[in-house]
Structure formats: C-alpha cells, structure tokens
Amino acid sequence: MTERMLNILVIDEDPGRAGQVEQGLRESGYGRVTVVRPSLDLVRRVESLAPDVIIIDLENPDRDSLEQMFQVTRELRRPIAMFVDQSDAATIQAAIEAGVSAYVVDGLRKERIRPIVDMAISRFNAFDRLRRERDEARSALADRKTIERAKGLLMRQKGLDEEAAYAAMRRAAMKQNRKLVEIAHSIVTAYQLDV
Amino acid sequence: MAKTTLRIGYVPLLDCAIPLVAEAEGFAARHGLALELLPEISWAAIRDKVAFGALEGAHMLAGIPLAVSLGVGLPAIPMVAPMALGLGGNAITVGLGLFRAMRAADPAAMAGPRRDSARALAAVIAREQAEGAPKRRFASVFPVSSHAYELRYWLASAGLDPDGDVELTVLPPSRMAESLGTSQIDGYCVGEPWSLVTLSAGIGAVVATKADIWPLAPEKVLGLRTDWADRNPEVLAALLRAFAEAAVWADAPENRPALARLLAPRLGVDLRLLETALCGSVALAPGRPAEPLPHRPVFHAAAATFPWRSQALWLLTQMARWGQIPRESDFAGVAAAVYRPDLYRAALSGGGLSVPVADLKPEGAHDAPYEVAAVERPAIILPPDRFIDGRTFDPSEPTAYLAGFGRGEVAVPGASG
C-alpha cells in the first residue's frame with residue numbers, strides 16, 4: 001500500500017474545519033479521505049469504513065465510544081490513540097494545543113502517519129486563526145460603530161464639532177486609563193434615555 | 001508566598017467532588033497551591049492530556065493509569081495513582097420494559113435483594129435467544145472503567161457472557177438517560193446522578209448498585225505522570241494533603257447541601273437530584289419505598305482515599321479476564337509501579353488522619369465490619385465487602401483468582417459471540 005492509498009477518516013463537529021483538513025490531505029495527494037460528523041450511529045459508520053487513520057477533535061465526546069469499538073473489533077488491526085512518535089515532544093505538544101487527536105491502526109509506521117497528523121494540526125490552527133480573525137474583525141466593526149454613535153451624541157448634546165467631540169473622548173480615555181470604546185459605551189449608556 | 005498552580009482535569013460527575021472542594025473551600029490554598037480545574041467530557045481526553053503533559057493531574061477512572069502504563073489504547077506511558085477519590089456512586093439501571101420482563105421472568109430473584117437481579121436478566125435473555133431476538137445492549141462509560149467491570153461482573157455472576165450474550169457499548173454519562181429513553185440501549189452502569197436522572201424521568205429502574213456487586217470497589221483516582229510525580233514530590237504531597245482535607249469536608253453531613261450546590265452548575269443537572277444523590281432518599285424501582293441510596297458516595301470514611309494496591313491487582317485481573325491485557329501480565333509489578341500507597345502515607349501520616357499500615361488487603365472476605373491497622377492512630381473500621389458471587393480475592397494470588405473464573409482463553413474479545 002502506498003502512502004496515498006491510506007484510508008483516512010476525519011470526524012469533526014465542525015464541518016468547516018473538517019473540510020479544511022480534507023482539502024489539505026487531498027492536495028497532498030491522499031485520495032481516500034472521508035469526513036463524517038458525529039452522530040448516533042457513528043460507531044457503526046466507523047466500523048464499516050475501517051479506516052487506517054482517524055483524525056478527530058481531541059475533546060470530541062464520542063472518543064470513548066470509539067475506543068470501546070476498537071477494543072471489541074474482530075479486526076486484528078486495532079487502532080490506538082497516538083499523536084506520532086513519542087520521542088517527538090514538539091509534535092505532541094502542537095497536536096494537543098491544536099486539539100488534534102489521531103487513531104492509527106497498530107503496526108503502521110510512524111513516518112507514514114506524521115505528515116497526516118502535521119497536516120491536521122496546521123489546518124486546525126489555520127481554522128482557529130481564521131475564526132479568531134473573523135471574530136476580531138466583527139468586534140472591531142462593532143467598536144467603531146459605538147465610537148461613531150458616542151461622537152454624534154456629544155456633538156448634538158454639547159454642541160461640539162466632530163474633532164472636539166473625538167478629542168474629548170480621547171482625553172477621557174487617557175485620563176481614566178480605559179479604552180476609547182469603553183468611554184464611548186459609557187457615553188451611549190449615559191445618553192440612552194435621550195436617544 | 002507564591003502559590004504553585006496545577007492544571008487538574010475532571011469529568012463533571014458526583015465523584016469529582018474532592019478536587020472541586022479542595023479549590024473552592026481553600027484547602028489547596030492552605031497548602032500553597034492554586035488549582036486550575038479543567039472540565040473534560042471524555043475519559044480519552046483526560047487520559048491523553050495527563051499522558052502528554054497538558055494537565056499535571058486529573059480525576060480519572062482507576063483503570064486508566066494502569067491501562068496507560070501497560071500501553072492499552074495508546075503507547076505505554078508510566079503513570080501513578082497515589083490517591084483514590086472516594087467510594088460508591090455507581091448503579092446499573094434498565095429501562096422499564098426490560099425491568100418488567102425481568103420481574104415476569106423470575107419474580108423471586110426480583111423480589112429479593114438486588115444481588116439476585118442478574119439471574120432474572122439471564123432468564124429473559126435465555127428466552128429471547130430461543131426466540132432469535134436481537135441482543136440486549138448495555139452501556140458503560142469507558143472500556144477500562146469500574147462501571148464496565150461492575151457491569152461485566154454482574155452479568156457474569158448469573159452465567160451471562162458479556163461479550164456474547166449481550167452487546168456492550170460506551171456512552172458519555174450525560175447521554176445515558178436519553179439513550180435509554182429512545183431505546184438505543186436497554187440498560188447502563190454509570191455513576192450518579194445519571195441513574196437518578198432516569199428514575200426521576202420515570203423511564204427506568206435500578207436493578208443493582210455498586211453496594212450489591214462489590215461495596216468497596218475502586219472507582220476514581222488522582223492520576224499523574226510518573227516522571228512529574230518523581231520531579232515534584234513536595235508539590236504532590238501538598239496536593240494529597242489538600243485533597244485529603246477536602247474529602248473530610250465533603251463527607252461531613254452538614255456540608256453535603258453546600259457540596260450539592262457547588263456541583264450542580266458544573267454537572268448541569270437539577271440541584272435536587274444532587275441533593276438526593278448526596279443526602280436524600282429515592283425509590284430505586286416502581287413499587288419500592290424510598291430509601292437512601294445504597295451506593296451513596298463516600299469521600300473520606302472507610303479509608304475511601306487510600307490507594308489499596310490489592311484493588312489495582314483486582315482491576316488488572318479483570319482486564320485480563322476480559323481480554324484487555326494478556327493473562328501473563330506482570331500483575332504485581334504493574335500494580336506496585338502505578339498504585340502508590342507509599343506516596344499517600346508519606347504525605348498524610350502524622351497529619352491527624354488515619355492512614356492504613358498495609359498496602360494490600362484481602363478483598364471480599366468480610367461479612368461484618370472489620371478493622372485495619374492505622375499508622376500511629378486507632379484502627380480504621382471498614383464495612384463488609386462481599387462480592388456479589390461470594391468469591392474472595394487474595395492479592396498474593398492474582399493468577400489463581402483469575403483462573404477461578406474458568407474462562408480459559410480470551411484471545412480476541414468479541415469473537416466469542
């Protein structure tokens with residue numbers, strides 16, 4: 001069996017992340033990649049797919065059920081949990097931090113598994129980074145709206161021009177050692193009744 | 001003085017009380033520790049995080065440090081269990097349909113003490129096998145869990161083959177009641193409050209408890225990597241002292257309502273269920289009067305936190321009995337490397353708590369309360385500890401005990417059906 005023929009199964013609650021891992025593996029030339037979402041018949045589905053390698057979210061609650069299935073399987077090639085070579089502490093660390101767990105059928109050489117695990121780790125991390133960036137972008141947009149609203153309120157209520165209203169908020173933020181958006185929140189809250 | 005911060009994992013269950021109390025009630029702080037308590041849903045995640053150093057220690061099934069040290073389920077990594085985290089807690093619950101079938105099949109077995117209930121199940125299964133009905137499905141929480149061994153022991157006590165006459169599966173505790181309600185499974189063995197959830201929904205009955213199968217059975221332990229324990233003896237001793245004090249607190253009847261309130265949000269279950277589990281009464285089956293839970297958790301009394309090496313040996317015999325490890329395994333060597341009563345004694349002797357002198361005891365040999373000697377303190381009274389089938393376990397003869405179960409070969413589990 002060549003590397004590319006390894007039967008790889010990706011189990012993930014998050015279809016977006018699973019898709020990223022699948023795409024990465026396919027781009028690396030692994031042709032037999034299946035993605036399943038956890039479900040009530042997950043154990044039976046895994047049994048019928050008989051994968052060589054399973055990539056699964058480290059904290060997936062279905063892992064305990066899967067391990068029971070591996071233990072009673074009639075197949076002699078039972079998968080065991082491992083992240084790659086025990087001596088490769090950095091990869092293990094990276095896998096745990098990324099939240100990646102891998103099950104590998106007993107007897108497969110570690111060097112064959114490692115690129116697959118590395119790919120999963122990098123895609124998990126990339127997916128988390130994208131999600132974080134998206135969340136940050138959303139919150140930055142919300143912050144800007146709040147600041148604009150506070151500025152408008154100050155201009156109307158205090159008869160300030162735009163520049164002066166903004167400068168007043170900046171001064172307050174510096175004096176109180178708070179973020180500009182926090183000052184803006186306070187202003188919006190204070191004027192809430194008038195809005 | 002700066003505190004040492006330890007990352008301690010736990011699975012939200014009644015018996016994660018000791019680590020939670022140690023932090024919440026200030027016992028950890030008193031010993032210079034700050035505990036970062038991290039909940040996990042799966043035992044596999046707890047195991048991996050401790051095994052690979054993402055957690056310093058965790059509340060874990062007693063079988064896990066033994067299994068990990070032996071390389072069951074993942075490559076072998078030496079781990080230690082220097083403390084148990086209490087006694088009790090588990091029960092076997094079946095759906096009402098099966099309960100009624102068991103009562104009809106063997107009214108005498110179901111009318112008597114719960115220890116006869118497996119006989120009634122065997123009668124139901126014999127009839128269903130003759131009719132060609134599908135196998136009944138029973139769930140526990142992990143392949144090397146106390147729950148799995150108790151369920152298997154209970155089934156086998158009535159002559160049932162857990163790997164042939166029924167189908168065994170694993171589910172997270174919080175999904176048991178729902179799975180029973182939707183007939184995905186016919187019964188399960190799990191810690192509280194996950195039997196009470198089913199009882200309170202009126203969809204099942206408790207047919208046996210840990211108290212019926214083996215009252216002093218091992219349950220959870222504090223599990224750590226051996227190399228971490230070797231490098232941090234003083235921190236570990238401080239942790240054991242904090243946990244021992246937390247166990248005393250958690251056992252005090254006056255603290256149990258507060259314990260229920262501490263646990264309820266962590267477990268995400270109704271406070272009343274936890275109050276029932278910790279200090280209340282309940283009808284275990286339709287038509288029965290309410291009674292205090294026979295498997296009510298004990299955190300401190302009866303040397304509940306002492307890591308008896310004989311219990312590690314017993315767990316290893318069960319792993320071998322069911323084909324999880326070879327029958328030729330070095331039981332004594334593994335038990336001695338993993339279960340560490342010496343670390344417990346070194347940390348806790350002379351601190352006002354009673355610590356057993358012996359590392360091992362005969363298991364299942366007592367019909368009445370009995371005494372074990374304590375280090376420089378009055379003897380500790382332990383309750384009767386009979387197994388459901390009346391066997392006794394002599395820890396110096398694990399191989400003979402194993403042979404006594406009469407299952408000559410268990411090469412491939414699952415192949416016997």
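**How two chains and two domains meet**

Tutor: In this predicted model, 26 residues of chain B are in contact with 21 residues of chain A.

Student: What makes two residues count as "in contact"?

Tutor: Their C-beta atoms must lie within 7 Å. The 26 residues of chain B and 21 of chain A are therefore counted as in contact by that cut-off.

Student: Which elements of chain B supply at least two residues each to the side that touches chain A?

Tutor: α3 (43–51) and β7 (166–170) do. The largest share, five residues, comes from α3(B). By class, that side of chain B divides into 17 nonpolar, six polar and three charged residues.

Student: Now chain B itself. Where do its domains run?

Tutor: Domain 1 covers 4–85 + 217–263 + 299–403, and domain 2 covers 90–213. The C-alpha centres of these two domains of chain B lie 27 Å apart.

Student: How many residues of domain 1 of chain B are in contact with domain 2 of chain B?

Tutor: 21 residues of domain 1 are in contact with 21 residues of domain 2. On the domain 1 side, α4 (63–70) and α16 (309–321) of chain B each supply at least two residues, and α4(B) gives the largest share, three residues. That side of domain 1 has 14 nonpolar, four polar and three charged residues.

Student: Let's look at α13 of chain B. How do you know that its span agrees with the expected one?

Tutor: Helix α13 (residues 233–251) has 19 residues, and at 1.5 Å a residue it should span 27 Å. Its end C-alpha atoms are 27 Å apart, so the two values agree.

Student: Why are residues such as B:Phe243 in α13(B) called buried?

Tutor: Buried means that 20 or more other C-beta atoms lie within 10 Å of a residue's own. B:Phe243 is buried, so it meets that cut-off. Other buried residues of α13(B) include B:Leu236, B:Arg241, B:Glu245 and B:Trp249.

Student: Which residues have the most contacts inside the largest nonpolar core?

Tutor: B:Phe243 and B:Leu316 do, in a core of 185 residues. α13(B) gives the most to this core, with 10 residues. Apart from it lies another core, of seven residues, among them A:Ala150, A:Leu154, A:Met169 and A:Ala184.

Student: What does B:Leu316 touch?

Tutor: Leaving out residues up to four places away in sequence, B:Leu316 touches B:Leu66, B:Ile325, B:Ser329, B:Phe331, B:Val334, B:Ala335 and B:Pro398.

Note on methods:
Residues numbered from 1 in each chain as written. Chains lettered and ligands numbered in written order. Predicted model: local features only at pLDDT ≥ 70, side-chain atom pairs only at ≥ 80, totals over all residues. Helix = DSSP H or I, 4+ residues; strand = E, 2+ residues; numbered from the N terminus. Expected span 1.5 Å × (residues − 1). Buried ≥ 20, exposed ≤ 12 C-beta atoms within 10 Å, placed from the backbone. Core = buried A, V, L, I, M, F, W, Y, C linked by C-beta atoms within 7 Å. Domains from an automatic or database assignment. Nonpolar A, V, L, I, M, F, W, Y, C, P; charged D, E, K, R; others polar.
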